Amino acid sequence: METYKLKNCHFRVSDADKYCTTIYPDGTQAPAIPMASQLEFAKELGYNNAWDMVKFHELIHTILCEEKGEPHSRVLWNIAHGKEEDDHWKEEEQVLLCQRVINRLIELGFLSQQNG
Ligand SMILES: [Zn+2]
């Protein structure tokens, strides 16, 4: 289990357990695990398995929003706090686009892949 300090939250990840969670200062969490049904979509995004897709997806949610100057991912914050919003697809779309771009860079040899 590794814990990473981001700007306004922590990201805890266990490759052994295939489990990750975003932890906010108030103690709430947005956990995520891979599901077998996600394998096809993971491959479409450029991953070999669903776990890598889920792990990076969750992390990119927070990094993307922090880099845009927002305090946190609205999507993950809402999950952690039991809320739902209609426009969550906008953030999802941006996260998925980041994942595609990163995997293309890896595929082209510009980035080396740490896992998988
Ligand atoms: Zn998402």
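**Exercise 1. In which sense do strand S2 (residues 10-14) and strand S3 (residues 19-23) pair, and over how many bridges?**

Before solving, two notes. Residues carry numbers from 1 along each chain, as its sequence is written. This is a predicted model, where local features need pLDDT of at least 70, side-chain atom pairs count only at pLDDT 80 or more, and totals for chains, interfaces and linings use all residues.

*Solution.*
- Step 1: recall the terms. Strands (E, at least two residues) and helices (H or I, at least four) are DSSP runs numbered from the N terminus. Two strands pair if DSSP finds at least two bridges between them.
- Step 2: apply them. S2 and S3 pair in the antiparallel sense, over 5 bridges.
- Step 3: look at one position. Val 13 stands opposite Cys 20 in S3.

**Exercise 2. Work out the order of the strands in the sheet, and find its edges.**

*Solution.*
- Step 1: start at S1 and S2, which are antiparallel and joined by 4 bridges. These two strands make a hairpin, with 4 residues between them. Glu 2 has Val 13 in S2 as its bridge partner.
- Step 2: extend the picture. The open sheet has 4 strands in the order S1-S2-S3-S4, paired antiparallel.
- Step 3: name the edges. Strand S1 (2-5) and strand S4 (29-32) each pair on one side only.
- Step 4: add the turn. On average, neighbouring strands of this sheet are turned by 15 degrees against each other, direction ignored. Axes here are lines fitted to C-alpha atoms, for helices over the stretch in contact, and angles run from 0 to 180 degrees between N-to-C directions.

**Exercise 3. Find the helix that lies across the sheet, then trace the largest nonpolar core.**

*Solution.*
- Step 1: helix H2 (residues 50-67) lies across S2, S3 and S4, and runs at about 10 degrees to S3.
- Step 2: set the cut-offs. A residue is buried if 20 or more other C-beta atoms lie within 10 Å of its own, exposed if 12 or fewer, and partly exposed in between, with C-beta atoms placed from the backbone. A nonpolar core is a set of buried Ala, Val, Leu, Ile, Met, Phe, Trp, Tyr and Cys residues joined through C-beta atoms within 7 Å.
- Step 3: list members. The largest core has 11 residues, including Phe 11, Val 13, Cys 20, Ala 32, Trp 51 and Val 54. S2 and H2 are the elements that give two or more residues to this core, and H2 supplies the largest share, 5 residues.
- Step 4: look apart from this core for another one, of 6 residues, among them Leu 76 and Trp 77.
- Step 5: zoom in on Ala 32. Leaving aside neighbours within four places in sequence, Ala 32 is in contact (C-beta atoms, placed from the backbone, within 7 Å) with Cys 20, Thr 21, Val 54 and Glu 58.

**Exercise 4. Describe the backbone and surroundings of Lys 18.**

*Solution.*
- Step 1: place the residue. Lys 18 sits in the loop between S2 and S3.
- Step 2: read the angle. Its phi is near 50 degrees, a positive value in a residue other than glycine. Most residues other than glycine have a negative phi.
- Step 3: count neighbours. Lys 18 has 16 C-beta neighbours inside 10 Å, so it counts as partly exposed.

**Exercise 5. Step back to the whole protein chain.**

*Solution.*
- Step 1: the chain has 4 helices and 4 strands, in the pattern β-β-β-β-α-α-α-α along the sequence.
- Step 2: of its 116 residues, 26% count as buried.
- Step 3: the C-alpha trace spans about 40 × 30 × 25 Å along its principal axes.

Methods:
Contact = placed C-beta atoms within 7 Å.
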